[in-house]
Each structure stands twice: as structure tokens, then as C-alpha cells.
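Trainee: Got a minute to go through this one with me? I'd like to talk about the spaces inside and the ligand.
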Amino acid sequence: MDRIRIVGGRRLNGTIPISGAKNATLPLMIASLLTDQTLILDNVPRLADVALLERILGNHGVDIMVSGKRAGETADHGQTLHISAANIVDTTAPYNLVSRMRASFWVLAPLVARMGEARVSLPGGCAIGTRPVDLLIMAMERLGAQIDVDAGYVVARAPHGLKGAEIVFPKVTVGGTHTAIMAASIADGTTVIDNAAREPEIADVADCLNKMGARIAGAGTSRIVIEGVAKLGAARHAVLPDRIETGTYAMAVAMAGGDILLQNARPELLQAALDVLQRTGVTVTPTNQGIRIARNGNALNPVEVTTAPFPAFPTDLQAQLMALMTRANGTSHIVETVFENRFMHVQELVRLGARIQLTGERATIEGVERLKGAPVMATDLRASVSLVIAALAAEGETIVNRVYHLDRGFERLEDKLGRCGAAVERLSG
Ligand code: EPZ
């Protein structure tokens, strides 16, 4: 079981290349099931979740070829996947795979839309909450699928294809919006999605589907209209930069102090988070190469933040902001409104000397003068990186255990931080 060892106190200076977005790559790969033509994806990050989804799609009969190295290419370049779902040979997504990566449940939509049937394991809970899929099932039923739940599997049937419909989500759901768009893209007729998620990854996937021949309007707004088409074809699409990785490294340099260029980052993908960072006293400067983040000696101001769906402050940056606020000059409050149990990092941060009180969905963080390194445990993807951020400013050595959580969503983290001056190394075994 790999661990990461960090010795705090080093400032960060230099450039960090931002990889393609994990949360766009996963639905884009799943969208390949909608067509028998080849989908080529560029700027794909090398992540454990991507490798696992390749296995899951392979189980359905999908062929995936990874382009080899090209002249002048470095490890900072994303990989190119050639994905062909010409022959889907199995419409079951088994528990042992779906339970390891929840987003794989989303294969339900393209499988039932294209094949007329799907048998997908319920994903089960995860560390940050129960994470039901009732709204994804509601959307599929609205489009005409018959759904049964049997022995832990969702069994969906649409032998005569799906029919366009009006889908109103009672709460914003990213997965629900992705699955509704994918299924509706080859349904018969028009679908209108109200209260759709507005995350940039939704627009990125819709942009790719439109390149494949879909007719989707309004992606990125809360009302999306899809004119179903008979078939989708081949396309080539580059994954947009990862806004959560961007925000994470921005908070890392805010914590450690220094001056970093986040290369290829796009400010409009995380403006709410950048506004909060400016309120803490960090300098945020968009450039034509990305976003420059600097803090040189000035204290961190405390902030009041509530997480909410895009374009508000994202839940996926909540743990990282909390780590940063442990060293603020005063008391901060963070309210988590998206998931019911996304404070698993609090006890671990307290082990490093942080002062945090929880009252329901509200965390009160009293800034402290110093953090002290200690062994800590990663519990979920974003919580694990909040421990790395805290360790960068902690005195002495911190060992982050269960670092496989990190590898799910952050490509070569120790390399990207190490090249900018952090004392960080991976301990294998
Ligand atoms: C996506 O998860 C992301 N995952 C999550 O990122 C992210 O935290 C989340 O959206 C919110 O932005 C991917 O994109 C692969 P939701 P998703 O459906 O789609 C409730 C990461 O760290 N809900 O928007 O599963 C749900 O319980 C991950 O990269 C229902 O009640 O999230 C939650 O409280 C973590 N019924 C809220 O809605 C449903 O049918 C938002 O969930 C579906 C969701």
C-alpha cells in the first residue's frame, strides 16, 4: 500500500501542468457506447479511475487503443484514447467493478438507449455519503425505460427504443444530467431537461456528443434541449482542463507560500473558488498560459464559504479549502450542502494540530499558528489531497497512508509538487 511522505516548510515556485478533467473523461469514455464508430479522446489524464473504466468498458466489448508516444511529447501531455464500441457483447456491468467506481453506473444510459437493455449493479454507498441513484432511474423511466431493481442490480429495458420527454430534476445532479443527455441524444423525439447541472464537464460532454452528430442545446445552463437522432458517429475531442486539480494546486501554493503558474488552467471553470482565494489574500492572475497564484509572506484571511452546485464554490474543493483555513489569521466557516458526510478529513487535520468544530453541515475552523506533521489516513479522493495541503505547511514529517485514493484523481501529484520545491516522495509497499 503506497504512502506519501511530506516534509513541510518549503515554498512552491515554478509551473504545474494541469491535466485533463477526470470528471469529463469518465462520462466522455462512457459516451463512446452510444455509437459503433470510433471516438478519439485527447488530453486524457493517466488516473486509476480512467484505467478502471477502461476495464469496465472492455467487459462490454469495447476496444480501447492508447496512442504511443509522439516526438517531443513529455509526461505532461495527456494520453490519446481510440475507443470503439462497434460490438457491445455484454450489457451487464458487474458489482465487483461498479462498486469500485461509482460513475461507471452511468453506462446504464447508453446501454439501454443503444441496445434496448442494461443490467447495472447499484453502486452502493461511499465514504462521502449514501449517494443514491433514484434521480438517474427517474430520468430513464421518463424516457420510456422499464426499470426493475433485482438482487442489487438495476435492470432496464426499452425494446422499442427511448422516447424524448420532459425531465425535471428536483435537485441538481451531475450524474443525472449526464445520463439524461446521453440517453436522450439517440431517443426518438425531443427531450427537455429542467434544473440540469451546469458543471463545465456537462458542456464538455455535450460538445463532444454534438461533434458525434447529436443535437444538444443549452448545456451549461439549467435548461437543456435535446433533439434525438437515429445514430451517432465518429468524433475527436480534447478533454477540458481539470478545474478541481487547478483549485487544489492553487490552495497548495496558497498554503505553502510561493508563486506558481497553473499551466493550461482556465479561470472561468472555477471562478467562485478563485474569488474565495482572493478573499484569503492570495494573488490570482489569469495569463494566456493559465493562472498564476502567489502568496509571499502575507497572512491568510479567514473566509465564510458554502458549497453548492456550479457556478458556486464546488464541494470537490471543500476539503482543500478547509486545510488552507487551518492556518488562517482568524476563524472561518465552511458549510457543506451537497453531500451529507463529506467531513472525513476533519479528524485527520485535527491530528496535524488543526482546530475544527463540526455542527451538522457546518465546520468552524479556528486558524492556528502552527501545524505539526504526523501519520494521517486518506479516506476519500479529495480528503486525501487536503492532508497533503496541510502537510506542506506542517512542521516536520507527515505520512499520508492509503494514497490509492489520491491516485484516483490526481495524476503524478508528487512529481508535480516536487518539481516546484516541495519535499514530497512516494514510499512504495
Ligand atoms: C459528480 O458526482 C462528481 N463525480 C463528484 O465528484 C462531485 O462531487 C458531484 O458530481 C457534485 O459536483 C463525477 O463527475 C464522476 P450528484 P455525482 O449526482 O454525479 C444527490 C470527485 O471527487 N443525488 O451531482 O454522483 C447526491 O446524493 C467526485 O471527483 C440523489 O439524491 O453527484 C448528492 O447529495 C466526488 N439522487 C447530490 O445529489 C440521485 O439520483 C449531488 O450528487 C443522484 C444524486
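**Cavity, ligand, pocket**

Mentor: The lining of the largest cavity divides into 2 nonpolar, 1 polar and 6 charged residues. Ala, Val, Leu, Ile, Met, Phe, Trp, Tyr, Cys and Pro count as nonpolar, Asp, Glu, Lys and Arg as charged, and the others, Gly among them, as polar. This is a predicted model: local features need pLDDT of at least 70, side-chain atom pairs count only at pLDDT 80 or more, and totals for chains, interfaces and linings use all residues. Residues are numbered from 1 along each chain as its sequence is written, and side-chain values use heavy atoms, with hydrogens and water left out.

Trainee: Which residues line the largest cavity?

Mentor: Ala 21, Lys 22, Asn 23, Glu 201, Asp 242, Arg 243, Ile 244, Asp 316 and Arg 382. About 50 Å³ of space lies in there. On a 1 Å grid over the protein atoms alone, a cavity is a set of points where a 1.4 Å probe fits but cannot get out, and a pocket is an open set with protein on both sides within 12 Å along at least five of seven lines; lining residues have an atom within 4 Å of a point.

Trainee: How many cavities of 30 Å³ or more are there?

Mentor: The structure holds 3.

Trainee: Now the ligand. Which residues come nearest?

Mentor: Asp 134, Leu 135, Thr 173, Asp 316 and Val 338, out of 23 around the ligand (a heavy atom within 4 Å).

Trainee: What does the side chain of Lys 22 do there?

Mentor: One of its N or O atoms sits 2.9 Å from an oxygen atom of the ligand. For Asn 23, a polar side-chain atom lies 3.0 Å from a ligand oxygen. Pro 132 uses a backbone N or O atom, 3.4 Å from a ligand oxygen.

Trainee: How much of the ligand does the protein bury?

Mentor: 88% of the 830 Å² that the ligand exposes taken alone (Shrake-Rupley, 1.4 Å probe).

Trainee: Which element gives the most to the shell?

Mentor: H5, with 3 residues. Helices here are DSSP runs (H or I, at least four residues), as are strands (E, at least two), numbered from the N terminus. By class, the shell has 12 nonpolar, 4 polar and 7 charged residues.

Trainee: Switching to the second largest pocket. How much space lies in it?

Mentor: About 330 Å³. Volume is the space filled by probe spheres set on the grid points, which are joined across faces, edges and corners. Of its 20 lining residues, Met 255, Arg 295, Leu 300, Arg 327 and Glu 369 are the closest to the centre.

Key: A polar contact is a pair of N or O atoms within 3.5 Å; within protein, one must be able to donate a hydrogen and the other to accept it, and residues adjacent in sequence count only if both atoms are side-chain atoms.
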